[in-house]
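Hi everyone, thanks for coming. Please have a look at the sequence and the structure on the screen, and then we'll walk through a couple of spots together.

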Amino acid sequence: MQDLYKKFKDYGKVKLNEPLAKHTTFKIGGPASFFVTVTETKKLVELLTLLDGKGIDYFIHGGGSNTLASDAGYVGVVVDIKTRNTEVQEDVFIADAGCVTVAVAQKSMSAGLTGFEWGVGVPGTIGGAVRGNAGAMGGDMKKDILKVEVYKDGEVITMTNEECEFGYRDSVFKHDGGVILRVYLQLKKAEPDAQLMKKALEHLQYRNSTQPQGFASSGCIFKNPECGMSRKTGSRSAGQNAECLEKLREIDAEKMEQFEKVGKISAGWLIEQAGLKGKKRGKVEISDKHGNFMLNTGGASADDVLGLIDEVKQEVYTRFGIELEEEVAIL
Ligand SMILES: Cc1cc2nc3c(=O)[nH]c(=O)nc-3n(C[C@H](O)[C@H](O)[C@H](O)COP(=O)(O)OP(=O)(O)OC[C@H]3O[C@@H](n4cnc5c(N)ncnc54)[C@H](O)[C@@H]3O)c2cc1C
């Protein structure tokens, strides 16, 4: 342990038995054996190469805004990415993976570039945003990514937007691994005028009016399930069950029409229709304001959250025949 501690110090700041609750927006999570904060991409690549070479387990930590860390913590190395350089090349905004997404949005606007205003309300890092194809207000990473630099199996490679295989809150990195090192956003030149800022502020105001404020959370717990006849076989999705769609239309035909237009049913709305808003388990509570948010009302455990996730999935499936899928990464 002491040897590894000394070794890891070559790459960044090292903490032993660091409570993950200090680093997740949910404020939940037991201790990580090693918590190594890296601020340079070169050192990050060296550290990842060392960990892979020695077969040591590691978990990548960006902003911790989409992670539910276990109460038992993590046996291994949590690699905390805090690489924060940015650069503008014409209409391309380049950001290290550890850059805060909100800061990327602000800086891109200040540089007179438009397209990433939607990022102004998304917590976490740009690397985490790429992995989960984060999105808001009609935008998502898929629309803005030109290419990314990635560490994979001991090599640094460049991947095009297409190679990232973005889907709804999904990318190839969720399935095949790889650590995003640097992100290239293809934006458009615009006058650095107040209009961009105004648009971003409108995004923020909308979010504040629809999302709960003042509690620890990890944003939306579940992905919005598909709406319409699914072509997938084997999965129990809304799309496969015409009866369940009909049941939902009876509840609110207008809402369902909106969902059918975008091809997704709001998970928050389903949770609300299942009568689960405000439901508590231990110190976790489903928000009254937004059914897809679980709030840590103080001292909540990961077990409480997982238990509530199971209850919600069970109830929504029983009532509507729809199987919800977690958006949050479970460690
Ligand atoms: C209040 C609130 C509001 C939110 N609103 C939105 C929203 O509007 N839209 C939206 O899409 N999301 C939203 N989220 C969820 C979250 O902000 C996003 O998913 C965000 O992009 C996660 O980034 P992160 O750096 O915090 O990821 P983390 O939580 O640190 O990590 C999440 C996963 O990504 C992996 N990861 C992180 N960095 C990298 C990297 N560089 N390379 C490879 N893997 C990596 C981790 O290992 C983990 O598996 C919200 C969260 C909160 C708390």
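The centres of domain 1 and domain 3, taken over C-alpha atoms, are 31 Å apart. Keep in mind that this is a predicted model. To place those names, the domain assignment gives residues 2-81 to domain 1, 86-207 to domain 2 and 213-330 to domain 3.

So how many residues of domain 1 are in contact with domain 3? There are 11, and they meet 17 residues of domain 3. Between them, domain 1 and domain 3 bury about 1100 Å², with carbon and sulfur atoms giving 59% of that area. Please find Phe26, Asn66 and Leu68 on your screens: they supply 58% of what domain 1 buries against domain 3, more than any other three residues.

What kinds of residues does domain 1 bring to this contact? On its side we count four nonpolar, five polar and two charged residues. Across the interface of domain 1 and domain 3, zero salt bridges are found, but eight residue pairs are in polar contact.

Now let's move to some strands. Take S11, residues 145-152. Which strands pair with S11? One is S13, residues 179-186, which runs antiparallel to S11 over six bridges; there, Ile145 stands opposite Leu185. Another is S12, residues 155-160, also antiparallel to S11 and also over six bridges. Here Tyr151 has Val156 as its bridge partner.

S11 and S12 form a hairpin, with two residues between them. In that turn, look for Asp153, whose phi is positive, about 50°.

That's my tour, thanks for listening!

Note on methods
Residues numbered from 1 in each chain as written. Predicted model: local features only at pLDDT ≥ 70, side-chain atom pairs only at ≥ 80, totals over all residues. Heavy atoms only, no water. Domains from an automatic or database assignment. Contact = heavy atoms within 4.5 Å. Buried area = accessible area lost by both parts, 1.4 Å probe. Salt bridge = Lys/Arg side-chain N within 4 Å of Asp/Glu carboxyl O. Polar contact = N/O pair within 3.5 Å; in protein donor to acceptor, adjacent residues only side chain to side chain. Nonpolar A, V, L, I, M, F, W, Y, C, P; charged D, E, K, R; others polar. Pairing = 2+ DSSP bridges. Helix = DSSP H or I, 4+ residues; strand = E, 2+ residues; numbered from the N terminus.
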